[in-house]
Amino acid sequence: MNLHLVRHPAPILDKSYCYGRSDIAVAPETLALCCERVSRLLPSPVLLWTSPLQRCADLALALATTLGMSELGVDADLQEMDFGTWELRAWDDIAWDEVEAWNRDLLHHAPGGGETLLAMAARVWRCFDALRHQPDADCAVVSHGGPIRLLRACAAWHAEHDAKHADTPVAPDARALEAIALRAVADKRDIAFGEVITLTLAPPR
């Protein structure tokens, strides 16, 4: 199976603000240009899944129309991290000691009282596991930078550990989820708005 990970187009709110779970729109012209470009990079037919947040869902709907796909899956597990009280605040207005508290414990500290990275890793694994059991040869996921990094980390962990346990399918325990989350944190490569990253997954046993 080929899993095509698509980051949403640039939203109307710039990067000087903290936004994760907030539902930020995309300018119509930005959406149209992104759809035109991404549609040329995806195969057809392709099974489409998306985060419910409009910066992803609007692109997924446009791609479905362009590619002639009649079905579109929506999965809340593909949403970006919930930053709690940090949402929609300028990064410069968030107290440095709050940011440092998160930096000191990236796995277990919930920024702004929202969601921990470990909780996010668990839900993204749940989505990854469902996606890899889809019967389609190609699946495209429209999501956010954080979940895309975690999906890549899930795929890497699964490839490593599935090969070691040829007789029995494996699922991550609590320690493995921590390793997946930390692998995603270590992934420093910038993921551009509208970028498509393709992973090849082994079929489930």
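**Three helices and a pocket in a predicted model**

On the side of helix α1 turned away from its buried residues, E29, L33 and R40 are exposed. I begin there, colleagues, and I should say at once that what we are viewing is a predicted model.

Which residues of α1 are buried? They are L31, C34, C35, V38 and S39. Around the axis they cover an arc of only 125°, which puts them on the same side of α1. Among the elements that cover these buried residues are β1, residues 2-7, α2, residues 54-67, and β5, residues 196-200. The length of the helix can be checked as well. Helix α1 runs over residues 28-41, and its 14 residues, at 1.5 Å a residue, should span 20 Å; the C-alpha atoms at its ends are 20 Å apart, so the two values agree.

I turn next to α2, one of the elements covering α1. The same check applies: its 14 residues should span 20 Å at 1.5 Å a residue, and its end C-alpha atoms are 19 Å apart, which agrees. The buried residues of α2 are R55, C56, A57, L59, A60, L63, A64 and L67. What do these buried residues pack against? Their partners are β1, α1, β2 at residues 47-50, and β4 at residues 138-143. After α2 comes G68, which has a positive phi, near 70°.

Let me move to α3, which covers residues 96-104. Its buried residues are V99, A101 and W102. Viewed down the helix axis, they fall within an arc of 155°, so they line one face of α3. On the other side of this helix, W96, D97 and R104 are exposed.

Helix α3 brings us to the largest pocket, since it supplies at least two residues of the lining. The other helices that each do so include α4, residues 117-132, α5, residues 145-164, and α6, residues 174-186. The pocket has a volume of about 1,000 Å³. How many residues line it, and which lie nearest its centre? There are 30 lining residues, and nearest the centre are E80, F83, W91, W102 and R149. W102 therefore appears twice in this account: it is among the buried residues of α3 that line one face of that helix, and it is one of the residues nearest the pocket centre. By class, the lining comprises 17 nonpolar, five polar and eight charged residues.

Conventions: Residues numbered from 1 in each chain as written. Predicted model: local features only at pLDDT ≥ 70, side-chain atom pairs only at ≥ 80, totals over all residues. Heavy atoms only, no water. Helix = DSSP H or I, 4+ residues; strand = E, 2+ residues; numbered from the N terminus. Expected span 1.5 Å × (residues − 1). Buried < 20%, exposed > 50% of the residue type's maximum accessible area, 1.4 Å probe, protein only. Arc of directions from axis to C-beta. Contact = heavy atoms within 4.5 Å. 1 Å grid on protein atoms, 1.4 Å probe; cavity = no way out; pocket = protein on both sides within 12 Å on 5 of 7 lines; lining within 4 Å. Points joined across faces, edges and corners; volume = space filled by probe spheres on them. Nonpolar A, V, L, I, M, F, W, Y, C, P; charged D, E, K, R; others polar.
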